[in-house]
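Reader: Could you take me through this structure, please? I should like to start with how a term is used and then move to the chains.

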Amino acid sequence: MLKKTLLPTILLILGYGFWISPNFKEIAAGVAIFLFGMLFLEDGFKAFTGGVLEKLLQKTTDKTWKSLLFGVVSTSIMQSSSLVSVITISFISAGLVTLVAGIGIIFGANIGTTTGAWLVAAFGLKVKISAYAMPMLVFGIVLSFQKSKYLKGAGAVLAGLGFLFLGIHYMKEGFETFKDSFDLASLAVGGYPGLFLFAAIGAAATVVMQSSHATLVLILTALAASQITYENGLALAIGANVGTTITAIIGALSANIQGKRLAGAHLIFNVVTGVVAIAFIHQFVWAVDIVSESVGIADDNYTMKLAVFHTLFNLTGVLLMVPLIQRLADFLVTSLPEKAQDLAQPLYLSEAAIEFPETVLKSLKMEVWHLFDSAFEIMAHGINLHRSQILESTDLEKTIAEDREVHEFDLDELYESKVKVLYGAIVEFISHSQAQMPSEFSEEMFRLRKAAGEIVECVKHIKHLRKNATTYMLSTNEHIRDEYNQLRYQIAMILREIYRLREDVDFDHAMALLEMDELKAEIQSAHADLDGRVTSVLRDNRITPAMATSLLNDFNYVDETSRHLLDTAQALLISHSDLVAEAALEVVLDEEEIEKATVS
Amino acid sequence: MKFTRLAEKFEKLTGQHEQGSAIKPDKLDKLRQLLGDKKSRYQKKLDATDDSGKRKKLERRLRVVRAQLDKLERLARS
């Protein structure tokens, strides 16, 4: 109930907000554009996975000091720790860097961002990143139209950055009106409560302005106008540091769990550093004075002293937290667990079995059957049938002709989560155990590996078949509908036969193996019949040429699927220890022999 | 690896290969019997039905079984 009403409620609130406040509209649009940019950025970086960028990132972030340095340098160049953190989130979401390396980069970014304080202090400089948004978008989109995978990726990265900048720009514009409402003097409170209050204000101001640099300028102005005390100014700077994390948190909304963990690490680091800085504010003031004196900064040059403070407390934070990186990563993994995906897990493969060839073959065969079961479900739904209809209906042809229910499901997702995972595990298990296997077992192992590959191929063919099979099973043209129902029947019949043989405890392996040849002959015959029928119904204009082309193409998918299924069954139904079945394997007919038996 | 050990391994390997490729005659006999039974079963069913669809299907199956029996005989002779 809550789930159903949540989306309309959010849309209503947003709509109402847009109606009453143009600023709210601008802020919301900013957030939307920003998130859109994040999606682009992630897609762009994904184009480089397995390539130069991955190697470069791996090399530059494989040790904590390297990832720290990466964060320092990149933030110093970009002059935005928020931007570096969102880019790191997209790296981590694309699987280019590990969580620990990502945390290292974030820590480094916090040191890198202090160079901004020095720039502000020295030149009053504020790098306006939004100015780059438009050219980046234009170049990015032009590149994304290119054929090359890498140019496309680079285009998506550029466009993503452009959208990020544009989003930040709109958020800033939207918040502009709130900026003047900060009357810092009216909020002056002494002692620690004052420090915490000003830290909160600093955080809020940074969230509003989307730039810690802008907050620093605000602090300096307030300090120059004596609106606030020096210590309150420091608290504002601490808050500004915490406030920058909001950009990363917004960025993490569209990221995967790793990205969310990284945003969590950013928040924890900045909050812990901030709390430590406030707790030891007097010691920091003393340290700032010592450092300032030693480098010749005047006692009343608050601008420079603020830059010194900013650097000192971020350095302290990094020194405190670096030894805890791994613990922090572990904590985040436990507290932000990965949403349990409905991934199929191998049931029978165990590394412990590798030493025992018989066990390896047995568990491998059971796992390939497991893969077959997973694929069966997808194939059944792919041809819009329930598993039970295939296995239990008394008249399969009639059931298929009468049942017009379309099964709505994401075949690609199921393929990824149920088939590809198991296939990967099987291939990996074989590659690990192959070296230990005696030669007499290797042939069966090869057969099982081939069978697993054929099951995967079957699912892919069903994917291609599904579109037209679904369209034409609902068609008002009974001729094309019947033909597609025949294709569905052929797949269903073969699956049913394989399961019948598998479930039959008394079945003779050798005869089951040879029975597959009879089914192959049936497919062959169906192929010849179909060719004749298509020519006839096409000549009589009962189906269109487009329908005929689809039908013949799809029949090839069905043909391939059927052969793969039967070959798989032949591989799964025999065992190297069953010598009659081994002999039957020699008697199994090849394609030419089956063709001969079908037509004669 | 010492030469004697290598020779031993080679012998074992080739021995296994030869052993693996040879189909024992009794296994072929068993298979011949099973296929023969099946052939008669199909023939009986064929004789008992007038349904043209069923007949066509059974005839096709019979042809496959005969082809398998032929192949088995060729294998037994070789």
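Author: Certainly; a residue is called buried here if 20 or more other C-beta atoms lie within 10 Å of its own. The model is a predicted one.

Reader: With that in mind, what percentage of the residues of chain B count as buried?

Author: The figure is 15% of the 78 residues of chain B. For chain A, buried residues make up 46% of 600.

Reader: And how many helices and strands does chain B have?

Author: Chain B has 3 helices and 0 strands, and its elements run α-α-α from the N terminus on. Chain A comes to 27 helices, again with 0 strands.

Reader: What share of the contacts in chain A with a separation of 6 or more is between residues 24 or more positions apart?

Author: Such pairs account for 78% of those contacts in chain A.

Reader: Let us turn to the contact between the chains. How many residues does each chain put in?

Author: Chain A gives 22 residues and chain B gives 19 residues. On the side of chain A that touches chain B, helix 22 (439-473), helix 24 (509-539), helix 26 (579-587) and helix 27 (591-599) of chain A each supply at least two residues. The largest share of that side, 8 residues, comes from helix 24 of chain A.

Reader: What is the make-up of that side of chain A by class?

Author: The side of chain A that touches chain B has 11 nonpolar, 4 polar and 7 charged residues.

Reader: Now the interior. Which residues touch the most other members of the largest nonpolar core?

Author: They are Ile103(A), Leu164(A), Ala237(A) and Ile238(A), in a core of 89 residues. Helix 9 of chain A, residues 149-179, gives the most to this core, with 13 residues.

Reader: What does Ile238(A) contact, leaving aside its neighbours within four places in sequence?

Author: Ile238(A) is then in contact with Ala199(A), Gly202(A), Gly274(A), Ala277(A), Ile278(A) and Phe313(A). There is also a second, separate core of 82 residues, which includes Met473(A), Tyr484(A), Ala492(A) and Val64(B).

Reader: Why is helix 13 of chain A described as largely enclosed by the rest of the structure?

Author: The description holds because 7 of the 9 residues of helix 13 (residues 245-253) of chain A are buried. These are Thr245(A), Ile246(A), Thr247(A), Ala248(A), Ile250(A), Gly251(A) and Ala252(A).

Reader: On to helix packing. Are helix 18 and helix 22 of chain A roughly parallel or antiparallel?

Author: Helix 18 (residues 357-382) and helix 22 of chain A pack at an angle of about 10 degrees, with their axes 10 Å apart. Angles under 35 degrees count as roughly parallel, and these two helices of chain A are therefore roughly parallel to each other.

Reader: Which residues meet there?

Author: In helix 18 of chain A they include Leu364(A), Val368(A) and Phe372(A), while those in helix 22 of chain A include Leu448(A), Ile455(A) and Val459(A). By class, this contact of helix 18 with helix 22 of chain A has 18 nonpolar, 1 polar and 4 charged residues.

Reader: And how do helix 22 and helix 25 of chain A cross?

Author: The axes of helix 22 and helix 25 (residues 545-573) of chain A come within 8 Å and cross at roughly 155 degrees. Angles over 145 degrees count as roughly antiparallel, so helix 22 and helix 25 of chain A are roughly antiparallel to each other. Their crossing is left-handed, and the residues of the contact divide into 12 nonpolar, 7 polar and 7 charged.

Notes: Residues are numbered from 1 along each chain as its sequence is written. Chains are lettered from A and ligands numbered from 1 in the order in which they are written. This is a predicted model: local features need pLDDT of at least 70, side-chain atom pairs count only at pLDDT 80 or more; totals for chains, interfaces and linings use all residues. Two residues are in contact if their C-beta atoms, placed from the backbone, lie within 7 Å. Helices (H or I, at least four residues) and strands (E, at least two) are DSSP runs, numbered from the N terminus. Ala, Val, Leu, Ile, Met, Phe, Trp, Tyr, Cys and Pro count as nonpolar, Asp, Glu, Lys and Arg as charged, and the others, Gly among them, as polar. A nonpolar core is a set of buried Ala, Val, Leu, Ile, Met, Phe, Trp, Tyr and Cys residues joined through C-beta atoms within 7 Å. A residue is buried if 20 or more other C-beta atoms lie within 10 Å of its own, exposed if 12 or fewer, and partly exposed in between; C-beta atoms are placed from the backbone. Axes are lines fitted to C-alpha atoms, for helices over the stretch in contact, and angles run from 0 to 180 degrees between N-to-C directions. Angles under 35 degrees count as roughly parallel, over 145 as roughly antiparallel, 65 to 115 as roughly perpendicular and the rest as oblique. A crossing is left-handed if the near helix is turned anticlockwise from the far one by less than a right angle, and right-handed if clockwise.
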